[in-house]
Amino acid sequence: MSPQARREDLIRAALALFGSRAPELVTVDDIIARAEVSRPLFYRYFSSLRELQVEALKTVTEGLIDGLAGLEEGPPETRLRAAVRGLIDVADHYRAGYVALLRSGSVIATSETDAAIDEVRNRAVELILGALGVPEPSPMLLLTLRCWTAVVEGALLSWLQERAVPREVLDSWLVDQLTAMLATTAGHDSSVPRLQ
């Protein structure tokens, strides 16, 4: 196995373990047992457990950005629904890592993971602006889109932990939330487009 493949294998092992317990409860011994490697081999690729945790969580944020990138062609609402479905898919795939990344007070949180989360949020706002055809957003529109990304994060955290709402309802509800928010903002700022 190449060094890059081995490193990715250790990250996959950590993410798989995050599916059954919080990242801060996963130990080096857990990871080496899951990946079927020795302790010295683990430390060849990662200087510490903390480094692996951060790299694993960065994998989640990169997956979220990739999920956002897969926008379909068509009207803004169709494209947005596809992006939201992509986000839900990635968040569900990396459930525990996603929860750990966004959970307030997580011992895994660092300035580096905070920057990665901000990158996902900024990318989401950029894609929505692109779908709406708005190159120069007003401050009210930016505020609306940033508030909506917070709604999405909160909804996904609750959904991943409780599964109280069917998945097929979740993405429609989130897009309907944005539609309502844009309509409200357009009532205060005539430059804001409505989602059709």
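Colleague: Which side chain does Arg81 join through a polar contact of 3.5 Å?

Modeller: Happy to look, bearing in mind that this is a predicted model. Arg81 sits in helix 5, and beyond its neighbours within four places in sequence it is in contact with Asp171, Ser172, Val175 and Asp176. The polar contact of 3.5 Å runs from the side chain of Arg81 to that of Ser172.

Colleague: And at what distance does the side chain of Arg81 make a polar contact with the side chain of Asp176?

Modeller: Asp176 is also among the residues in contact with Arg81. Their side chains make a polar contact, at 3.3 Å.

Colleague: Does Arg81 count as buried or exposed?

Modeller: The cut-off for buried is under 20% relative accessible area. Arg81 has a relative accessibility of 17%, so it counts as buried.

Colleague: How far apart are the end C-alpha atoms of helix 5?

Modeller: Helix 5 covers residues 76-93, which is 18 residues. At 1.5 Å a residue the expected span is 26 Å, and the model agrees with that, because the end C-alpha atoms are apart by 26 Å.

Colleague: Zooming out, how many helices are there in the chain?

Modeller: From the N terminus on, the elements run α-α-α-α-α-α-α-α-α. With zero strands in the chain, the count of helices is nine.

Colleague: What share of the contacts between residues at least 6 apart in sequence join residues at least 24 apart?

Modeller: The contacts of Arg81 with Ser172 and Asp176 give you a local example to look at. Across the chain, among contacts between residues at least 6 apart, the share joining residues at least 24 apart is 67%.

How values were computed: Residues are numbered from 1 along each chain as its sequence is written. This is a predicted model: local features need pLDDT of at least 70, side-chain atom pairs count only at pLDDT 80 or more; totals for chains, interfaces and linings use all residues. Side-chain values use heavy atoms; hydrogens and water are left out. Helices (H or I, at least four residues) and strands (E, at least two) are DSSP runs, numbered from the N terminus. The expected span of a helix is 1.5 Å times one less than its number of residues. Contact means heavy atoms within 4.5 Å. Buried means under 20% relative accessible area, exposed over 50%, partly exposed in between (1.4 Å probe, protein chains only). A polar contact is a pair of N or O atoms within 3.5 Å; within protein, one must be able to donate a hydrogen and the other to accept it, and residues adjacent in sequence count only if both atoms are side-chain atoms.
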